[in-house]
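Colleague: Please take a close look at one part of this model, the pairing of charged side chains. I would like the partners set beside their exposure and, where possible, their place in the fold.

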Amino acid sequence: MAKHTELSPQEAADRLAIRELIDAYAHCADRRDAKGQMALFTEHTHFIVFMDPSHTEPDQELYRREDLAPVFDNLNTYQATMHFNGQSTVELDGARATGVSYCMAHHLSVSGAARSLMVAAIRYHDIFVKQDGAWLFGGRTLFVDWSETRTLG
């Protein structure tokens, strides 16, 4: 059984704010709020995507918040999405933190009467930075651990 240590009020507040940041990312994605999603990142962020976690080279790598717009805009190709955030771990170090969080992403496509659902198991490795009292993503590496596309009736 894991040992629990008492948290200071500041550490508890920081952990809650980071969890709210992770959840805000999913919330903005599902509402197609690319500007809101981009605002969750530092100006000089580092965003990396691995569509296959066994690859050593990323499929996509971006270095500025403004470069995230087309990535987040791509969600508009789906009729609907729903991201379920799961467990996360966070290691705090003052105004910086690192963490790993898990998400099950559901993407609904519709073409005429045909409907399909792509489900992806996503793992994020994050760098968090506290700027002006608010936690932001300083870097986010997205790993698609697996995905499946299903035809819906």
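Modeller: Exposure comes first: a residue is buried under 20% relative accessible area, exposed over 50% and partly exposed in between, with a 1.4 Å probe and protein chains only. The model is predicted, so that local features need a pLDDT of at least 70 and side-chain atom pairs count only at pLDDT 80 or more, while totals for chains, interfaces and linings use all residues. Residues are numbered from 1 along each chain as its sequence is written, and side-chain values use heavy atoms, leaving out hydrogens and water.

The structure contains 8 salt bridges, each a side-chain nitrogen of Lys or Arg within 4 Å of a carboxyl oxygen of Asp or Glu.

One of them joins arginine 19 to aspartate 23, with 3.2 Å between the closest N and O atoms. These two residues lie 4 residues apart in helix 1 and are therefore separated by about one helical turn; helices (H or I, at least four residues) and strands (E, at least two) are DSSP runs numbered from the N terminus. Arginine 19 is partly exposed, at 26% relative accessibility, and aspartate 23 is likewise partly exposed, at 32%. Helix 1 also holds alanine 29, which has a relative accessibility of 2% and so counts as buried.

Another salt bridge pairs glutamate 66 with arginine 64, and here the closest N and O atoms are 2.9 Å apart. Glutamate 66 has a relative accessibility of 53% and therefore counts as exposed, whereas arginine 64, at 38%, is partly exposed. The pair does not stand alone, since Arg64, Glu66 and Asp67 are linked in a network of salt bridges.

A further salt bridge brings together the side chains of arginine 150 and glutamate 148, at 3.2 Å from N to O. Both partners fall in the intermediate class, arginine 150 being partly exposed at 35% relative accessibility and glutamate 148 partly exposed with a relative accessible area of 36%.

For the setting in the sheet, it helps to turn to threonine 151, which lies in strand 6 and is the bridge partner of serine 116. Strand 5 and strand 6 pair in the antiparallel sense over 17 bridges, where pairing requires that DSSP finds at least two bridges between the strands. The same two strands form a hairpin with 2 residues between them, and aspartate 132 in the turn has a positive phi of about 50 degrees. Strand 6 also runs parallel to strand 1, to which 6 bridges join it; in that setting histidine 46 stands opposite glycine 139 of strand 6.
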